[in-house]
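Below is a short set of points to read alongside the coordinates.

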Amino acid sequence: MSKYIIEGGKRLVGEVSISGAKNSVLPILAATVLNNNINTIFNVPEIIDLKVMIKILSAVGCKVNKLDDIVTVDSRTLDTVRIPEELVREMRSSIILMGAMLSRCQEVEVSYPGGCEIGPRPIDFHLKALKELGAEIEESHGFIYCKGKNLKGADIQLDYPSVGATENIMLASIKAKGTTIIRNAAKEPEIIDLQNYLNAMGCKIYGAGTSIIRIDGVNHLNSVEHTIIPDRIVAGTYMIASGITGGEIVLKNIEVDHIQSIIAKLREAGCLIYNNCTNLKIIGPKRVTPIESLQTIPYPGFPTDMQAQIMSLLTIANGTSIITETIFENRFKHVPELVRMGANIKTVGNVAIVKGVKELTGAKVTAKDLRGGASLLLSGLAAKGTTIIENIYHMDRGYEKLEENFTLIGAKIDRFD
Ligand code: EPZ
């Protein structure tokens, strides 16, 4: 199994250019099946989840090429409605293809994605909404068979602002007859990026970024070129690397608008942050200030995908912080690993009480999921001594060139495959 070996205690100084957003490129790649045409996507991150999505698009017959951070998808050769089961299991977010395949082929066969490390990850909101659009859905033997010859626009109220469900409804309704309204829609920047991509393709979608999104059904779609927005979670992760090592890091190619909740919390923790729209400098404090109360909530609140990383920062604060995870049921798997490094954390249900300690100590730890793995890397950068992180394939799913980028700003980190 791949692992990182990190010599901690180095102050990180330098510049990092932030890659394209994982959670934007995945739904946008799914959307390339829609237009039966050529799609060119720029600023694509070099991550495992992207490779899996490219494998899926090739498996359903699309011609996919990747050159550096540019991916072209020719969806004129799509030749099946069956999404390969093993690939859906490899990446549960491929369920997003359901809506796009329904629009393109009026049917789709996909295996149940199942849960993952952070929770059961149900898709009931997705299926309920597709039925409201007129899709016939049969679930058996772990597969979902979905048919929708003449989907009709519907007024859909989401019980929860689910990112994936919002995206799937947008993709399923773009050719439906009439207008679809999504109420209580997710407002994440990745939803706006998907709307911009789809509208460039000829769709008529309005309101992404607000809780009400309107989709007017269209018939004709054209080829499209699009640049993916920067990854706000990758940006936040590098910001915390500066905070936890008392460093001074400049981030380039970011969208500051997308990380306002992260900036606010890191200022509360004592970081100095200077920024313009696309670049940011963050200077870590001598000693981290505790954050009395931090809750993960849907955008524009503090993102659940940053919970593990900010917990690492708060383990060395000069006081106690309380973190409440309100989005996922099982997103504290990094806690026992941080405790092995000397952190003082108690969890009660979805609340973590983080009592700051003066210093973490290097240890052998195991990544249990993508963002939990990132939190262990951050702690290893600050800890006294050597930290060995196993199962780092979790981090390869969502972070590109981690060891290269961190080495360039002064970290001592080696990868062993
Ligand atoms: C997206 O997951 C992201 N993944 C997640 O990022 C992110 O944490 C999450 O949104 C929340 O922001 C991608 O975009 C690929 P949800 P998604 O539907 O769409 C429950 C990362 O680390 N729910 O907004 O699956 C669900 O169980 C990943 O990059 C239902 O109950 O998230 C969860 O508790 C992790 N029924 C909550 O809603 C449903 O039908 C939010 O889920 C759908 C969701």
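1. N391 counts as buried, with a relative accessibility of 18%. The residue sits in the loop between strand 22 (386–390) and helix 13. Its phi is positive, about 60 degrees, although N391 is not a glycine. Most residues other than glycine have a negative phi, so this position deserves a look in the viewer. Note that the model is a predicted one.

2. N253 is another non-glycine residue with a positive phi of about 60 degrees. Its place is the loop between strand 14 (248–252) and helix 9 (260–268). With a relative accessibility of 44%, N253 is partly exposed, whereas N391 is buried.

3. The peptide bond between Y299 and P300 is cis, with omega at about 10 degrees. Most peptide bonds are trans. P300 belongs to the loop between strand 17 and helix 10. That loop also holds D305, which is taken up again below.

4. On the ligand: its shell consists of 23 residues, and the closest are D124, F125, S162, D305 and I327. By class, nine residues of the shell are nonpolar, six are polar and eight are charged. Domain 1 (3–18 + 287–416) and domain 2 (22–227) both contribute residues to the shell, so the ligand lies between them.

5. Backbone atoms of the protein approach ligand oxygens at several places. A polar backbone atom of I327 is 2.6 Å from an oxygen atom of the ligand. For G164 the corresponding distance, again from a polar backbone atom to a ligand oxygen, is 2.8 Å. A backbone N or O atom of P122 lies 3.4 Å from an oxygen atom of the ligand. The ligand taken alone exposes 830 Å², and 88% of that is buried by the protein.

6. Which elements give two or more residues to the shell around the ligand? They are helix 1 (22–31), helix 5 (124–132), helix 6 (163–173) and helix 12 (370–382). Helix 5 supplies the largest share, three residues.

7. D124, one of the closest residues to the ligand, is in helix 5. With the protein chains alone counted as cover, D124 is partly exposed, at a relative accessible area of 43%. The C-alpha atoms of D124 and P303 are separated by 22 Å, and the two residues are 179 apart along the chain.

8. Is helix 6 enclosed or open to the outside? Nine of its eleven residues are buried, so helix 6 is largely enclosed by the rest of the structure. The buried residues include A165, T166, E167, N168 and I169. S162 caps the N-terminal end of this helix, with a side-chain oxygen 2.9 Å from the backbone nitrogen of A165. S162 is also among the residues closest to the ligand.

9. There are 23 salt bridges by the rule applied here. Side chains of opposite charge can pair when their charged atoms come close. D305 and R331 form one of these, with N and O 2.7 Å apart. D305 lies in the loop between strand 17 (293–296) and helix 10 (307–314), and R331 in the loop between strand 18 (320–325) and helix 11 (335–340), so the pair ties together parts that are 26 residues apart in sequence. Both residues, D305 and R331, are buried. D305 is in addition one of the closest residues to the ligand.

10. K147 and E107 also meet in a salt bridge through their side chains, at 3.6 Å from N to O. K147 is in strand 8 (residues 143–147) and E107 in strand 6 (residues 107–111), and the two are 40 residues apart. Both partners are partly exposed: K147 has a relative accessible area of 45%, and E107 has 27%.

11. D396 and R415 form a salt bridge whose closest N and O atoms are 2.6 Å apart. The pair links distant parts of the chain, with D396 in helix 13 (residues 393–396) and R415 in strand 23 (residues 412–416), 19 residues apart. D396 is buried, at 15% relative accessibility, while R415 is partly exposed, at 24%. Both residues belong to a network of salt bridges that links D396, E403, R415 and D417.

Note on methods. Residues are numbered from 1 along each chain as its sequence is written. This is a predicted model: local features need pLDDT of at least 70, side-chain atom pairs count only at pLDDT 80 or more; totals for chains, interfaces and linings use all residues. Side-chain values use heavy atoms; hydrogens and water are left out. A residue is near a molecule or strand if one of its heavy atoms lies within 4 Å of it. A polar contact is a pair of N or O atoms within 3.5 Å; within protein, one must be able to donate a hydrogen and the other to accept it, and residues adjacent in sequence count only if both atoms are side-chain atoms. Accessible areas come from the Shrake-Rupley method with a 1.4 Å probe; for residues, only the protein chains shown count as cover. Helices (H or I, at least four residues) and strands (E, at least two) are DSSP runs, numbered from the N terminus. Ala, Val, Leu, Ile, Met, Phe, Trp, Tyr, Cys and Pro count as nonpolar, Asp, Glu, Lys and Arg as charged, and the others, Gly among them, as polar. Domain bounds come from an automatic or database domain assignment. A salt bridge is a side-chain nitrogen of Lys or Arg within 4 Å of a carboxyl oxygen of Asp or Glu. Buried means under 20% relative accessible area, exposed over 50%, partly exposed in between (1.4 Å probe, protein chains only).
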